[in-house]
Amino acid sequence: MVRFGIIGTGRISDWVLKGAVQDPRIKIVAVCSRTVEAAEAFIASNPMAAGAKVYTSVEEMAADPQVDTVYVGTPNQTHCLYTITALKAGKHVLCEKPLALNAEEGRQMVEAARESGCLLMEAMVSTLNPNFIAAASRIAEIAPVRQYSSYFCQYSSKFEALKRGEVGTAFKPGTAGALRDVGVYTLYPLVALFGKPSSVKGKLSTWQTPEGDTDVYGTACLEYDGMDATLTWSKTFDSFQPTEIAGENGNLILDEIHIARKAEIVPHAAPTSGLGPKPGRTLISEGLPYNEYYYEFKEFADLIEQGRTESSRNSLETSLTVLEIIDELLTDWK
Ligand SMILES: NC(=O)c1ccc[n+]([C@@H]2O[C@H](COP(=O)([O-])OP(=O)(O)OC[C@H]3O[C@@H](n4cnc5c(N)ncnc54)[C@H](OP(=O)(O)O)[C@@H]3O)[C@@H](O)[C@H]2O)c1
């Protein structure tokens, strides 16, 4: 049994519990909120949290011997403090994406995890998705890979609010913005598959808010040995482009990188010169039988059962490299 204390009672905690409930090893034993009222309302509306203890202090919840694991579902600028507090109290931590505000904070969190001997994992849903894993397992068949192109573009209700002058968490200058909010979904899988790029260039488009400029969409080009990657993310327009990994011997296509519901492989046929038949696509995914957030809880509970302190799929090295790239893109933008 993995006994979770949840920090934050917002929409994301609500969403992930719908996945957590599908793993019988997960139990919610405590909820920590800035207010008792919000914690009580969250417990009342989530049957899985029924009977959970209410806390308004992360330190106090982390000291509760009934809690052995903490889920951090609060804004980016709180991840480092809450994660380190929980790790120092000997609790495992599943922390929302991006792991931290920047690479420096990320390194402090990783150090705290290694010192504590507890499990720390970024709740990056995309790379634990079985359809993504199915595609990743076929890369050798299309190698050498020459290009990765990925999109996450969604016209967001938060952008609608921004246009009315309301700066929500997702657009807070200095702590969020489109890159950290959705661009990370195009970047994390790239780094999980191919590691650290040799160079990064990007362009972030901004929006003026009374609290400063925030990034609302962007693109990045990343260079690898023999391969490059292009990423496009946005909260101001939609895109229906799939994510594609293109190799000399074929292509892998994911319908959506955030939560892939379909993965296909297209083995390269004879070299073509314009006209001629196109090679057929073969479905390699099996859909998504569980809630999309189930898989991160399954991975987490599996790792605890195995006594491991790090996921090889959502590794801390990947999280740190992603944060370094985000830092670089944000520094270039300023
Ligand atoms: N995995 C995904 O699909 C996904 C989707 C959306 C967001 N996220 C991530 O989830 C995190 C939260 O994002 P969000 O948009 O859900 O944020 P949010 O709604 O503003 O905040 C979530 C909860 O955190 C607590 N909170 C808010 N402001 C806080 C503050 N300044 N200090 C401490 N706690 C605060 C609140 O709970 P209480 O009132 O109970 O304290 C709030 O309901 C971010 O890191 C984001 O990147 C992940």
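At what angle do helix α5 and helix α11 pack, and how far apart are their axes? I put this first in the notebook. The model I am reading is predicted.

**Entry 1: α5 and α11**

I looked up the two helices by their bounds, residues 103–116 for α5 and residues 316–333 for α11. They pack at an angle of about 165°, and their axes lie 8 Å apart. Angles over 145 degrees count as roughly antiparallel, so I note α5 and α11 as roughly antiparallel to each other. I also checked the handedness. The crossing of α5 past α11 is left-handed.

Next I listed who meets whom. From α5 come Ala103, Gly106, Arg107 and Val110. From α11 come Leu316, Ser319, Leu320, Leu323, Glu324 and Asp327. By class, I find 5 nonpolar, 2 polar and 3 charged residues in this contact.

**Entry 2: α4 and α5**

I then turned to the packing of α5 with α4. Here the angle is about 10°, and the axes are 9 Å apart. Angles under 35 degrees count as roughly parallel, so α4 is roughly parallel to α5.

Which residues of α4 meet α5? I wrote down Cys80, Thr83, Ile84, Leu87 and Lys88. On the α5 side they meet Glu105, Gln108, Met109, Ala112, Ala113 and Ser116. This contact divides into 6 nonpolar, 3 polar and 2 charged residues.

**Entry 3: the ligand shell**

I moved on to the ligand. There are 20 residues around the ligand. Gly8, Thr9, Gly10, Ser33 and Thr169 come nearest. I asked which elements give two or more residues to this shell. They are α1 (11–20) and α4 (76–88). So α4 appears in my notes twice, in the ligand shell and in the packing with α5.

I sorted the shell by class as well. It holds 6 nonpolar, 9 polar and 5 charged residues. Both domains take part: domain 1 (2–123) and domain 2 (130–287) each supply at least three residues.

**Entry 4: the two domains**

Last, I looked at the domains themselves. The assignment gives domain 1 as 2–123 and domain 2 as 130–287. How many Å separate their centres? I have 28 Å, taken over C-alpha atoms.

I checked the contact between them too. On the domain 1 side, 6 residues are in contact with 5 residues of domain 2. The domain 1 side of this contact has 3 nonpolar, 2 polar and 1 charged residues.

Methods: Residues numbered from 1 in each chain as written. Predicted model: local features only at pLDDT ≥ 70, side-chain atom pairs only at ≥ 80, totals over all residues. Near = placed C-beta within 6 Å. Helix = DSSP H or I, 4+ residues; strand = E, 2+ residues; numbered from the N terminus. Nonpolar A, V, L, I, M, F, W, Y, C, P; charged D, E, K, R; others polar. Domains from an automatic or database assignment. Axes fitted to C-alpha atoms, helices over the stretch in contact; angles between N-to-C directions. Parallel < 35°, antiparallel > 145°, perpendicular 65-115°, else oblique. Left-handed = near helix turned anticlockwise from the far one by under 90°. Contact = placed C-beta atoms within 7 Å.
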